[in-house]
Amino acid sequence: MKPRLMLPGPTPIPEKILNTLSYPLINHRGEEFAYILKEVIEGLRWVFQTKNDIMILPCSGTGGMEAVVVNALSPGDKVLCIINGVFGERFATIANCFGINVERLDFKTAQPFDLKIIEQRLEQDNNKEIKAVLMVHSETSTSMLNPLKEVSDLVKNHGCLMLVDGISSVGTVDIKNDEWGIDFLITASQKGFLVPPGLTFVSVSEKGWQAVKSSKSPRFYWDFRKHKEFMIKGQPFTTTPISLFFALKESLSFMKNQGLENIFKNYDFLTRITREAIRAIGLSLLIPDDKMASRSVTAILVPDGITPDMIKKKIKQDFNIELAGGQKDLKDKIFRIGHLGYQDPMDILSTISALEITLLRLGFNLKGSGVKTIQELLKDVQ
Ligand SMILES: *Cc1c(COP(=O)(O)O)cnc(C)c1O
């Protein structure tokens with residue numbers, strides 16, 4: 001069977017983009033690279049819906065999180081980190097590593113943020129001790145889409161910095177970076193960008209730059225001031241994965257051809273048919289409310305008697321489909337279907353079809369047909 005990467009990154013990538021990876025390398029301090037850099041920055045601004053600077057860092061998304069922490073904050077700074085999953089936890093851990101005074105606002109794993117509690121905490125902060133709010137937009141570990149605009153509004157009222165892990169949401173769902181006043185927004189090439197892993201993108205607002213300039217955190221490789229100094233010259237700060245820039249240039253032109261609206265619509269639809277199919281089969285979604293559903297991944301609770309590993313192993317063996325498991329507390333409870341990257345409804349249809357057969361082979365009685373449900377939904381759109 002054909003391999004199918006149904007993961008929340010890395011993702012399937014169109015052949016035209018993959019082919020660029022075989023282009024001969026160029027001088028990363030030459031004119032050709034400067035031209036590509038200029039073009040990809042413009043393209044990234046378009047996806048981020050921002051006029052802000054965008055840093056392109058040679059690392060995975062986690063490196064971008066660390067870069068934002070050391071550039072925006074100084075040791076001893078107080079921050080509020082809102083946590084309802086593994087990646088929120090990671091943001092807090094990174095900030096702790098650098099001596100930031102992290103106040104955690106913990107919600108249970110896979111439970112929505114309580115906006116009232118966030119609002120009250122920010123209102124209580126009369127002396128403006130809180131320097132920043134840290135949150136994850138699409139919490140990939142649970143497939144919950146956290147209320148970014150709502151939290152941004154609260155942060156705007158308070159006046160502190162807004163640091164956002166949008167690693168699995170940028171490019172999949174509407175984010176108004178500038179209008180919402182996001183100071184640092186992080187994403188990575190292997191998520192919504194149809195590019196292999198290795199590059200991370202971070203937008204930095206004017207207010208963000210003030211913080212970068214006054215930060216006392218030690219940094220060299222991550223220093224945004226250095227990155228910007230070189231960017232202005234049309235160069236990367238240090239040697240960068242040049243091939244990934246070829247791919248990014250191609251993928252941004254592919255995305256432009258589709259248009260942002262259509263990209264978001266496609267993710268909405270993939271998410272919808274995945275969720276409806278899962279319900280039809282008789283399985284439960286970890287995030288039952290459609291309004292809170294991530295557009296890049298869907299987490300599904302395993303039925304009694306079946307483990308996530310059993311499903312993942314069997315569907316890989318029998319159909320060559322890669323699904324994701326659960327992380328940490330959810331390791332034995334969920335599996336996840338990624339619908340991120342170069343995916344269309346037929347990919348979901350195949351995956352759901354294979355999942356149904358896999359569940360039957362594992363002895364689970366299907367309540368109904370997910371495949372039929374998707375066909376019905378597809379019949380209505382043209
Ligand atoms: C994937 C992901 C990360 C981690 O990214 P890496 O590229 O693996 O370092 C962090 N946060 C979220 C929300 C993610 O989806």
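**Exercise 1. Helix α8**

Which residues of helix α8 (residues 224-232) are buried? Find them, then work out how they sit around the axis.

*Solution.* The model is predicted.
Step 1. Use the cut-off: buried means under 20% relative accessible area.
Step 2. In α8, F224, H227, F230 and M231 are buried.
Step 3. Look down the axis. These residues cover an arc of only 130°, which puts them on the same side of α8.
Step 4. Recall the helix rule. An α-helix has 3.6 residues a turn, so residues three or four places apart point the same way.
Step 5. Find the cover. The buried residues of α8 are covered by elements including α2 (31-48), β2 (53-57), α3 and β9 (184-188). Also among them are β10 (200-204) and α7 (206-214).
Step 6. Move past the helix. G234 follows α8, and its phi is positive, near 80°.

**Exercise 2. Helix α6**

Repeat the analysis for helix α6 (residues 148-158). Which residues are buried, and what covers them?

*Solution.*
Step 1. The buried residues of α6 are L148, V151, S152, L154, V155 and H158.
Step 2. Down the axis of α6, they fall within an arc of 160°, so they line one face of the helix.
Step 3. Their cover includes the strands β3, β5 (130-136) and β8 (161-165), and the helix α5.
Step 4. After α6 comes G159. Its phi is positive, near 100°.

**Exercise 3. The ligand site**

How many residues surround the ligand, and which are the closest? Describe the shell and its polar atom pairs.

*Solution.*
Step 1. The ligand is surrounded by 14 residues. The closest are S60, T62, T140, D165 and K191.
Step 2. Sort the shell by class: four residues are nonpolar, seven are polar and three are charged.
Step 3. Trace the shell to helices. α3 (61-72) and α4 (86-97) each supply at least two residues. The largest share, three residues, comes from α3.
Step 4. List pairs with side-chain N or O atoms. For T140, such an atom is 2.4 Å from a ligand oxygen. For D165, the partner is a ligand nitrogen, at 2.6 Å. For Q190, it is a ligand oxygen, at 2.7 Å.
Step 5. Check the cover. Taken alone, the ligand exposes 380 Å², and the protein buries 88% of that.

**Exercise 4. Two buried residues**

Place C81 and R121 in their elements. What does each one touch, leaving out residues up to four places away in sequence?

*Solution.*
Step 1. C81 is in strand β3 (residues 78-83). C81 is buried, with a relative accessible area of 0%.
Step 2. C81 touches G88, F91, A92, V102, E103, R104, L105 and L134.
Step 3. Compare chain and space. C81 and A132 are 51 residues apart along the chain, yet their C-alpha atoms are separated by 8.4 Å.
Step 4. R121 is in helix α5 (residues 115-124). R121 is also buried, at 17% relative accessible area.
Step 5. R121 touches K78, L80, E103 and I130. E103 is thus in the list for C81 and in the list for R121.

**Exercise 5. Backbone exceptions**

Start from the rule: most residues other than glycine have a negative phi, and most peptide bonds are trans. Where do P10, A110 and K128 lie?

*Solution.*
Step 1. The peptide bond from G9 to P10 is cis, with omega near -5°. P10 is in the loop between β1 (4-5) and α1 (15-19).
Step 2. A110 has a positive phi of about 70°. A110 lies in the loop between β4 (101-106) and α5.
Step 3. K128 has a positive phi too, near 50°. K128 lies in the loop between α5 and β5.
Step 4. Buried or exposed? A110 is buried, at 9%. K128 is partly exposed, at 48%.

Methods
Residues numbered from 1 in each chain as written. Heavy atoms only, no water. Near = heavy atom within 4 Å. Polar contact = N/O pair within 3.5 Å; in protein donor to acceptor, adjacent residues only side chain to side chain. Areas by Shrake-Rupley, 256 points an atom, 1.4 Å probe, with all protein chains shown as cover. Helix = DSSP H or I, 4+ residues; strand = E, 2+ residues; numbered from the N terminus. Nonpolar A, V, L, I, M, F, W, Y, C, P; charged D, E, K, R; others polar. Buried < 20%, exposed > 50% of the residue type's maximum accessible area, 1.4 Å probe, protein only. Arc of directions from axis to C-beta. Contact = heavy atoms within 4.5 Å.
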